[in-house]
There are 2 protein chains.
Amino acid sequence: MTSFPGEVRIIPLRGIPEVRPGDDLCEFIMRACAQTGLELAAGDVVIVTHKVVSKAEGRVVTLGEIEPSDLAVRFAQENGKDPRQVEAVLRESVRVVRMDRGVLIAQTRHGFVCANAGVDASNVPGEDTVCLLPIDPDASAHTLRKGLSGATGADIAVIITDSFGRPWRYGITNVAIGVSGIEPLADYRGQPDQWGREMTASVIAVADELAAAAELVMGKTDACPVAVLRGYEYRRAAGSARELVMPAEKDMFR
Amino acid sequence: MTSFPGEVRIIPLRGIPEVRPGDDLCEFIMRACAQTGLELAAGDVVIVTHKVVSKAEGRVVTLGEIEPSDLAVRFAQENGKDPRQVEAVLRESVRVVRMDRGVLIAQTRHGFVCANAGVDASNVPGEDTVCLLPIDPDASAHTLRKGLSGATGADIAVIITDSFGRPWRYGITNVAIGVSGIEPLADYRGQPDQWGREMTASVIAVADELAAAAELVMGKTDACPVAVLRGYEYRRAAGSARELVMPAEKDMFR
């Protein structure tokens, strides 16, 4: 295969087994890399869907353990939902943005605004279990990055993702909810465009674009929770997905 | 270079010259492919930033020709903007969604909701010119696809992109505004997840994810307006970016 200058590769990492609480995700990824014949290298961005991170961290809840509040019961009854699952969403929320037409859009403790505060039942084993977002996805990304860098000696970045809906556009896309080792924004403000004029509104959410790119090889039913982006020239930084949260004072859609 | 199973490649297509009204974009792309040594093949997705499409179609406006309305003058004065540029935005709008804090978010005639109705001054030559969105980006994509398929004999898809901001998340990302030859949504509803349970809310905006992936090799200052996505298995369809517009009755953020 001929490689083209500037080309970026999106490599699916298959062979990650079902993850259980306490499992070592770093070890799973290293083993899958070995099986795939993929050696992690400096500059690689390892992109991981949060679901395996949440499972490894035990962020899975059995609905039988949840006592729903009156609010949860009412919303569930009106919309044909499980009141315990609605309660799980409310407990993950710090602010409800919309609660309408059966949709519950909430802000999580991390600042993300998304449907069901990130609580999700798909691809979780067991009829009555739901998956929550990691407590601190940046920390999860950092831990995984340290592990992978330690095991390979390579300076890599890690992004943890979830799929969010968007106002005005149909369909969900993958976005970054945890970041380590990469500047999540590329800020072109103040730089000249190709005609020498200063660009005023060009801050690109590259971590979200990397997350979106990774989803293309992950699929929803494939059980491929990890992808490696290779060849993308990013700015090294500690990084945090909090930079991707619109500051409240700039948010026109609270 | 070893290729991995399921790998997707994002290949930047460099060497597109500055595009002027009436230019043949298909010819420019074919020439850049030849220079790059890239032969378009069946299944490739050619992703093009709208700016070169708009320029080729003459969708560039000289501000000197615009007589601003009172509304445009007032908003411009309050926010330190050029009233003629504000007027250009209002003329591209069918509905103003927000007009606040110097930001004008509007719905375009295509149904897209975005800042300044897609009117943009960066990377446009000339101090007093702005670039508008194509009149019918799906039709532009279709024409380009027909041209490229005719020239190469390959069954390809075309996506035309712009960079949009998002509520709640900081930074812009590339999205699809014109689509031809690909189903822009991957609909997993009703399919079983890996545990055999039906997935209820999984419609993925793959055309937007492809657009986002392409941006990673385009950059803002690089003058690389075209990328080729190779290896992504998509569902063939006539396709339309209108499928990516949230239907009004489902839109909770009008």
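**How do we know? Helix, core and chain contacts**

Reader: Which residues of H4(A) are buried?

Author: Pro83(A), Arg84(A), Gln85(A), Val86(A), Glu87(A), Ala88(A) and Val89(A). Bear in mind that this is a predicted model, where local features need pLDDT of at least 70, side-chain atom pairs count only at pLDDT 80 or more, and totals for chains, interfaces and linings use all residues. Residues are numbered from 1 along each chain as its sequence is written, while chains are lettered from A and ligands numbered from 1 in the order in which they are written.

Reader: OK, but what makes H4(A) "mostly covered"?

Author: A residue is buried if 20 or more other C-beta atoms, placed from the backbone, lie within 10 Å of its own (exposed means 12 or fewer, partly exposed in between). In H4(A), residues 83-91, 7 of the 9 residues pass that test. The name H4 comes from DSSP runs numbered from the N terminus: helices are H or I with at least four residues, strands are E with at least two. The cover includes E3(A), H3(A), E4(A), E5(A) and E7(A).

Reader: How do you know that E5(A) is largely enclosed?

Author: Same burial test: 5 of its 6 residues are buried, so the rest of the structure largely encloses E5(A).

Reader: And why are E4(A) and E5(A) said to pair?

Author: Strands pair if DSSP finds at least two bridges between them. E4(A) and E5(A) have 6, in the antiparallel sense, so they qualify under that rule. One of these bridges links Ser93(A) with Thr108(A). The two strands form a hairpin with 2 residues between them, and Arg101(A) in its turn has a positive phi of about 55°.

Reader: What makes two residues from chain A and chain B "in contact"?

Author: Their C-beta atoms, placed from the backbone, must lie within 7 Å. By that rule, 62 residues of chain B touch 63 residues of chain A. H6(B) gives the most to chain B's side, with 9 residues.

Reader: How do you know that the copies meet through the same surface?

Author: 100% of chain B's interface residues are also interface residues in chain A, so the surface is the same.

Reader: Why speak of a two-fold axis?

Author: Copies are superposed by least squares on the C-alpha atoms of residues with pLDDT of at least 70 in both. Chain B then lands on chain A with an RMSD of 0.0 Å after a turn of 180° and a shift of 0.0 Å along the axis. That is just how a two-fold axis relates things.
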